[in-house]
Amino acid sequence: MTFARTLCLVAAFATHSAMASPTPQQEVMAVTQAACEAFRVRDIPALERLLAPEFNLVSSNSEVQSRAQAIQEVRDGDPQYDRFENHSMTARVYGDAAIVQGITSLKGSSGGKPFALDVRFTDTLVRVKGSWTIVVSHVTRIP
């Protein structure tokens with residue numbers, strides 16, 4: 001799914017809602033899903049748009065990864081994702097800040113070894129000049 005396709009999904013939400021604009025909650029959930037898809041298909045320009053310059057990821061093994069490190073992993077092609085999808089999401093929007101929580105299902109390979117796991121995530125987003133970006137993502141592995 002490209003960033004453009006994600007925007008189409010947001011448009012579908014609007015059509016489904018009797019031609020109303022997507023809610024802020026739908027907007028931020030679409031941004032988190034677009035980031036997943038950008039990681040999956042290695043879309044660096046989309047990641048540069050969706051991840052704030054100060055983005056940090058707190059991984060399931062408690063390591064903190066910067067935006068530059070996350071994007072470098074994508075450039076290096078490891079890990080590779082067959083599935084990178086958010087679901088079971090909730091969103092809270094507070095003006096120009098938002099929190100999205102849910103589950104991310106991942107499947108792929110890293111270092112030549114296959115993996116499949118689910119993580120519970122919390123993403124913090126901010127709206128700058130009308131666009132939502134992810135500033136912090138924290139994940140915890142689901143046993």
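**Close-up views of a predicted model**

**View 1. Helix H2 from end to end.** H2 has 18 residues and spans 26 Å from its first C-alpha to its last, close to the 26 Å expected at 1.5 Å a residue. The model shown here and in the other views is predicted. Many H2 residues are listed as buried, among them Gln-26, Val-28, Ala-30 and Val-31. Thr-32, Gln-33, Ala-34, Ala-35, Cys-36, Glu-37, Ala-38 and Phe-39 are buried too. After H2 comes Arg-42. The phi of Arg-42 is positive, near 60°.

**View 2. A stacked ring pair between H2 and E3.** The count of aromatic pairs comes to 3. One of them joins Phe-39 and Phe-84: the ring centres are 5.5 Å apart and the planes meet at 10°, so the pair is stacked. Planes under 30 degrees apart count as stacked. Phe-39 belongs to helix H2 (residues 24-41) and Phe-84 to strand E3 (residues 80-94), so this pair ties together parts that are 45 residues apart in sequence. Both Phe-39 and Phe-84 are buried.

**View 3. An edge-to-face ring pair between E3 and E5.** Here the rings of Tyr-81 and Phe-115 have centres 6.1 Å apart and planes at 85°, so the pair is edge-to-face. Distant parts of the chain are linked: Tyr-81 sits in strand E3 and Phe-115 in strand E5 (residues 113-128), 34 residues apart. Tyr-81 has a relative accessible area of 18%, so this residue is buried; the cut-off is under 20%. Phe-115 has a relative accessible area of 22%, so Phe-115 is partly exposed.

**View 4. The ring cluster.** Four residues appear together: Phe-39, Tyr-81, Phe-84 and Phe-115. Ring pairs link them into a cluster. Phe-39 comes from H2 and Phe-84 from E3. Tyr-81 comes from E3 and Phe-115 from E5.

**View 5. The E1-E2 hairpin.** E1 and strand E2 (residues 64-66) run antiparallel and are joined by 3 bridges. Asn-56 has Ser-66 of E2 as its bridge partner. The two strands, E1 and E2, form a hairpin with 5 residues between them. In the turn, Ser-62 has a positive phi of about 70°.

**View 6. E1 beside E6.** Strand E1 (residues 51-58) pairs with strand E6 (residues 131-141) in the parallel sense. The pairing of E1 and E6 runs over 4 bridges. Leu-57 stands opposite Ser-137 of E6. In a regular strand, side chains alternate between the two faces of the sheet.

Note on methods
Residues are numbered from 1 along each chain as its sequence is written. This is a predicted model: local features need pLDDT of at least 70, side-chain atom pairs count only at pLDDT 80 or more; totals for chains, interfaces and linings use all residues. Side-chain values use heavy atoms; hydrogens and water are left out. Two strands pair if DSSP finds at least two bridges between them. Rings of Phe, Tyr and Trp (its six-membered ring) pair if their centres lie within 6.5 Å; planes under 30 degrees apart count as stacked, over 60 as edge-to-face and the rest as tilted. Buried means under 20% relative accessible area, exposed over 50%, partly exposed in between (1.4 Å probe, protein chains only). The expected span of a helix is 1.5 Å times one less than its number of residues.
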